[in-house]
Amino acid sequence: LIRMYHRNYRPVSVVKADVLGSASENKVIRLELQIPNFKFMVGQYVFVSIDGVGWWPTHPFSISSSPLKPDAFTLHVATNPANQQSFSNKLAELVHSEKGSSNMVVHVHGPYGRLSMDPLDYSVVICVAGGIGITPFISLLCYLDEAVRSGRGKVKTVHLIWASRSTDALSNWFKDILRSFNDKIRIHMFCTAGNQGGIDLVQITSSSNERVLSRPSNSIELGRPALASLLPAFASDVGVSDSDVAVYACGPQGILHEARSVCYYHSFHYHHETFEM
């Protein structure tokens, strides 16, 4: 049975493998992979087998690149400082030891999954991410960026709310991608662990909605995002009905519960991803 299951994995060409982030406890591994005729949709994930790390998949990894780029895709895998023997930590060690991608042997099973809502059917799309829950939204935002530029779908504005305890993660993991989007995609980042490293953060107050809406995209604020006020503010800023708002969430249970409660109260359409890392 094990051999039959393992045969279903496809060999992958590793284009690039590196480790992002400067803080030892907040690193993420980026794998750029290539498979001939590989096709996937926004929101899908794959199981991964890597020689020297472990051949049996323990959990799925979200694809974090646009489906519009044929045959190639990217994965971002967060390390786990609480478990030095975890798949992600062993992968980080392998990437460091190989000093690149030339000797890595990777197999992929999938893709799997799908979004329950088509984002192009909504005028306002809001993504709520906690920590490494940002990864599926990188793929979604790349897709929406192309759709908005080409005039496909109903989307008028897109908001990403990303909360993390690490300013290093917020500042470095996806900085080039997040800064490349058109001005209809707004990035709102929140550091939930207090002032770190002297970075210029802004303390959130109860009347911060206007400031969050007016601050430059990709700025970082200090504190937890007030989803109960931010989500309806994003909808009213465009002047659309509640049923024309799609909210996607991924991250720890706390942020998922809060996002879901707000969506149910306002009748926003809601979809969530839950992965145990």
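**Exercise 1. Which residue in β5 does Leu33 stand opposite?**

Solution. The model is predicted, so local features need pLDDT of at least 70, side-chain atom pairs count only at pLDDT 80 or more, and totals for chains, interfaces and linings use all residues. Residues are numbered from 1 along each chain as its sequence is written, and side-chain values use heavy atoms, with hydrogens and water left out.

Step 1: locate the strands, which are DSSP runs of E with at least two residues, just as helices are runs of H or I with at least four, numbered from the N terminus. Strand β2 covers residues 28-34 and runs antiparallel to β5, to which 7 bridges join it; two strands pair if DSSP finds at least two bridges between them.

Step 2: read off the partner, and Leu33 is found opposite Phe73 in β5.

**Exercise 2. Place the strands in their sheet and find its edges.**

Solution. Step 1: the open sheet has 6 strands in the order β4-β3-β6-β1-β2-β5, and the pairing is antiparallel.

Step 2: β4 (61-62) and β5 (72-78) each have a single partner strand and stand at the edges, so one side of each is without a neighbour in the sheet.

Step 3: Pro67 sits in the loop between β4 and β5. Apart from neighbours within four places in sequence, Pro67 is in contact with Phe40, Met41, Val42, Ser139 and Tyr143, where contact means heavy atoms within 4.5 Å.

**Exercise 3. Describe how helix α7 packs against helix α8.**

Solution. Step 1: α7 (residues 227-238) and α8 (residues 253-266) pack at an angle of about 50 degrees with axes 9 Å apart; the axes are lines fitted to C-alpha atoms over the stretch in contact, and angles run from 0 to 180 degrees between N-to-C directions.

Step 2: this makes α7 oblique to α8, because angles under 35 degrees count as roughly parallel, over 145 as roughly antiparallel, 65 to 115 as roughly perpendicular and the rest as oblique.

Step 3: on the α7 side Leu227, Ala228, Leu231 and Pro232 take part, and they meet Ile255, Glu258, Ala259, Val262, Cys263 and His266 in α8.

**Exercise 4. Find the cis peptide bond and the residue with a positive phi.**

Solution. Step 1: most residues other than glycine have a negative phi, and most peptide bonds are trans.

Step 2: the bond from Gly110 to Pro111 is cis, with omega near 15 degrees, and Pro111 belongs to strand β6 (residues 106-112).

Step 3: Asn37, a residue other than glycine, has a positive phi near 65 degrees, and Asn37 is placed in the loop between β2 and β3 (45-50).
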